There are 2 protein chains.
Amino acid sequence: MEKAADLDYLRDYNDALVVAIARRSGVFDRATIAAGTGLTPQAVSKVVARLLAAGLVEPDGVRRTGVGKPTTVYRLIPTSRYAIGAHVARRTLRLVLTDLVGEVLRTIVTPLPEDFTPQHLLDALAEGVATLADGCRAGRLVGVGIGMVGPLDHAEGVVRDAHRLRHWHDVPLRDLAAERLGMPVLLDKDVTAGVTAEAWRRGTTFRDAVLIMVESGIGSGLWLGGSAYRGAHTNAGEFGHMVVQLDGPRCVCGRRGCLEIVHDQARARGDVDAAARVLAVGVVNLLQAIDVDHVVLAGADLLPHADAYLGAALAAVRAEVPRVDWLTAEVTTSSLGTDVIAAGAAMEVLNEEYGPLTSPRTAAHA
Amino acid sequence: MEKAADLDYLRDYNDALVVAIARRSGVFDRATIAAGTGLTPQAVSKVVARLLAAGLVEPDGVRRTGVGKPTTVYRLIPTSRYAIGAHVARRTLRLVLTDLVGEVLRTIVTPLPEDFTPQHLLDALAEGVATLADGCRAGRLVGVGIGMVGPLDHAEGVVRDAHRLRHWHDVPLRDLAAERLGMPVLLDKDVTAGVTAEAWRRGTTFRDAVLIMVESGIGSGLWLGGSAYRGAHTNAGEFGHMVVQLDGPRCVCGRRGCLEIVHDQARARGDVDAAARVLAVGVVNLLQAIDVDHVVLAGADLLPHADAYLGAALAAVRAEVPRVDWLTAEVTTSSLGTDVIAAGAAMEVLNEEYGPLTSPRTAAHA
DNA sequence: GGGTATTACGCAACAGCGTTGCTATTCTAG
DNA sequence: CTAGAATAGCAACGCTGTTGCGTAATACCC
């Protein structure tokens, strides 16, 4: 059953709202927040007082706009909080340290043994996290996010059957890592982490988006209505296994004519442009189905040919989406490059703690 | 900028939560609500007092569970509120009157002239609404919902370019109808209304769902994370215009091999089973992309062959979705038949006023 | 330089939310 | 008939955002 809302939720909701505005605009003042949120200036003062006490914001001088007492300007302190993100790939563990606004401060890439076990990963994770946490002042490190291939269960924090990874069946990785690292841990699909990275950095105007990732498989991370969308079983985003060619070549998943197999065959014969066009068809399919207005391209197998993929996607979106004026979609490559998954895993932690609240949370938090 | 939350929001949130529970279970008691929501019994008493004052619930006797004072049982009064829903199709206007729990009480079907104008529709609407409103006690009729083909703008209440309807470009239908009818009006795509009907009737466990509608075109209504998902431009659900056959036959939309054209060609040659199999491929595609756990089939061109479509979809879901135990999806036909769109339009009105709150609303409401 | 209008800010009192403490009610069990 | 137990509700409380109003700081006018 859903949880009810109380005064703590109310307070946290409004605090998070102000943090979101501060994050987007960098500096802010009382009157602007009041006008934008509908809060009274007095209420904004109370919110700002709480954020000052938490060390998240600080005064940043005054602004003289004309007659009257000058406006006090505040700014978010990016280094007031840190988070660590992990991207677990088939042969490497990529770790990043980010600050509160989603800037990547340090990156560590560690090789993982073939068919690595949970123990292998936990060891590598512990070592890397210790290294990255070294530079953070005590209490400023919020937690660790882990992004990896599914299927997995985000709510339970359990890896169900990570694709092409032996030793990874029903592993409660979130709780194992939380115990080993001694701090909060989140577990999510790589693609969902990736789209969270874009969303956290772009702010609240980035409400409906998809991140397409081509990297040993083709997946998509969904950001719908202002928050990550994972589906009923944390299994949304199996974008590569949508059939685009009835009776086409057999895919590893068992179906025929999946976008992924058609794409991979084009790539295998060296025809990047054809592969990009196939992906572009899938992108337009997704736009038709869920009508997002931001498409972000990413992944180690895509970025080396970013121009080809971006060009094909842009052309397809322009040509094939009914070109009504108000029906626009922006297509870009990720601003974070190969760090996007790890950085997004970190930002899932930040988003959990400081992001806009959706519905009342079950667990209490500071 | 997002709106802040205040005490009114807090109250409405918890009131709506209790209404949702009452709607699902019919009868309820203080202790069960308290346990499920995390509210104290005292807080639940206050909520119930407000709902009693609003006339939404009434005492329904007591339950003796053993020692101690018996529990007071309450029940939702289905007839305490009504809503009217309109399904605007190409040649007909279908109107339904529903009660608070989503039961269809009366249905009126009115023919519409070919290439009907906004004025035609408003006249027919006013007459039908007057007839249906006649049986409702004053103050119990919440409003009117209108479901029709897109593209349209739900937030603005404007019909942009209704497909295959002349005279319907940038028509502010919501405000026109609200003025004419003298009550609140909502405007939404037919498919979104349809899935809202299922969601309202099934309760809060129905969180992630898609309604597939085959009726002069193929569309889908999305219910994601417990609320309707309309996309960035109210254009989500153009399910029929997803390419399933690269270089296939040319579709009216300009692309090649859209699900809709492939499906329609199969139907045109009388091969319902083949058409159903094509649709089933699209259903599995959607499951892969957004991982819903409920699929509802509807539409005037589907329901006469419900068995074929349902069978094909069930077979495809069972055979083609990776059959992990925890990855299940239910496939059914709509329980409302041809009334589903009109009924859903009515339930959008109920959902707006009495459904679970998501984020703080902009406009104040009673 | 001094007065005044203007804008910003915060203390204090307030209404309303869920919470807590406690009492009254109403049942079963003996 | 009494004791025990569970429910219901009144009253006080802490906290939220809100309102009223006094104070501070500036530009502008004379």
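# Sheets, chains and DNA strands

Guide: An open sheet of 3 strands in chain A has the order β8-β9-β10, with antiparallel pairing. The edge strands are β8 and β10 of chain A, each of which pairs on one side only. The model is a predicted one, in which local features need pLDDT of at least 70, side-chain atom pairs count only at pLDDT 80 or more, and totals for chains, interfaces and linings use all residues. Residues are numbered from 1 along each chain as its sequence is written, while chains are lettered from A and ligands numbered from 1 in the order in which they are written.

Visitor: How do you know that β9(A) and β10(A) pair?

Guide: Strands (DSSP runs of E, at least two residues; helices are runs of H or I, at least four; both are numbered from the N terminus) pair if DSSP finds at least two bridges between them. There are 2 bridges between β9(A) and β10(A), so the requirement is met. The two strands run antiparallel, and A:Asp161 stands opposite A:His169 in β10(A).

Visitor: Why is A:Asp170, in strand β10 of chain A, called exposed?

Guide: A residue is exposed if 12 or fewer other C-beta atoms lie within 10 Å of its own, buried if 20 or more do, and partly exposed in between, with C-beta atoms placed from the backbone. A:Asp170 has 11 C-beta neighbours inside 10 Å, so it counts as exposed. Its phi is near 55°, a positive value in a residue other than glycine.

Visitor: What makes B:Arg164 exposed or buried?

Guide: Its count of C-beta neighbours inside 10 Å is 12, and therefore B:Arg164 counts as exposed. B:Arg164 lies in the loop between β9 (158–161) and β10 (169–171) of chain B, and its phi is positive too, near 60°.

Visitor: How is B:Arg11 classed, and why?

Guide: B:Arg11 has 14 C-beta neighbours inside 10 Å, so it is partly exposed. B:Arg11 belongs to helix α1 of chain B.

Visitor: Which residues of strand β16 of chain A are buried, and which are not?

Guide: In β16 (residues 330–333), A:Val331 and A:Thr333 point to one face and are buried, whereas A:Glu330 and A:Thr332 point to the other and are not. In a regular strand the side chains alternate between the two faces of the sheet. β16(A) runs parallel to strand β15 (residues 294–298) of chain A, and 4 bridges join them. One bridge pairs A:Leu297 with A:Thr333 of β16(A).

Visitor: What makes a set of residues a nonpolar core?

Guide: The members are buried Ala, Val, Leu, Ile, Met, Phe, Trp, Tyr and Cys residues joined through C-beta atoms within 7 Å. The largest such core here has 242 residues, and those with the most contacts inside it are A:Ile146, A:Ile212, B:Ile146 and B:Ile212. Leaving aside neighbours within four places in sequence, A:Ile212 is in contact with residues including A:Phe239, A:Val295 and A:Leu297.

Visitor: What relation do chains A and B have?

Guide: A rotation of 180° with 0.0 Å of shift along its axis superposes chain A on chain B, with an RMSD of 0.0 Å. That is the relation of a two-fold axis. The fit is by least squares on the C-alpha atoms of residues with pLDDT of at least 70 in both copies.

Visitor: How do you know that the copies meet through the same surface?

Guide: Of the interface residues of chain A, 100% are also interface residues in chain B, so the copies do meet through the same surface. Contact (C-beta atoms, placed from the backbone, within 7 Å) links 53 residues of chain A with 53 residues of chain B. On the side of chain A that touches chain B, α8(A) gives the most, with 6 residues. By class, that side has 28 nonpolar, 14 polar and 11 charged residues. Ala, Val, Leu, Ile, Met, Phe, Trp, Tyr, Cys and Pro count as nonpolar, Asp, Glu, Lys and Arg as charged, and the others, Gly among them, as polar.

Visitor: Which residues come nearest to DNA strand C?

Guide: Of the 27 residues around DNA strand C, those are A:Gly68, A:Lys69, A:Thr72, B:Ala43 and B:Lys69. To be near, a residue needs its C-beta atom, placed from the backbone, within 6 Å of the strand. The surface near DNA strand C has 10 nonpolar, 10 polar and 7 charged residues.

Visitor: Which residues come nearest to DNA strand D?

Guide: Among the 27 around DNA strand D, A:Thr40, A:Ala43, B:Gly68, B:Lys69 and B:Thr72 do. Elements that give two or more residues to this surface include α1 and α3 of chain A.

Visitor: Where is A:Pro151, and what kind of peptide bond joins it to A:Gly150?

Guide: A:Pro151 lies in the loop between β7 (141–148) and β8 (152–153) of chain A. The bond between A:Gly150 and A:Pro151 is cis, with omega about -5°.

How values were computed:
Two residues are in contact if their C-beta atoms, placed from the backbone, lie within 7 Å.
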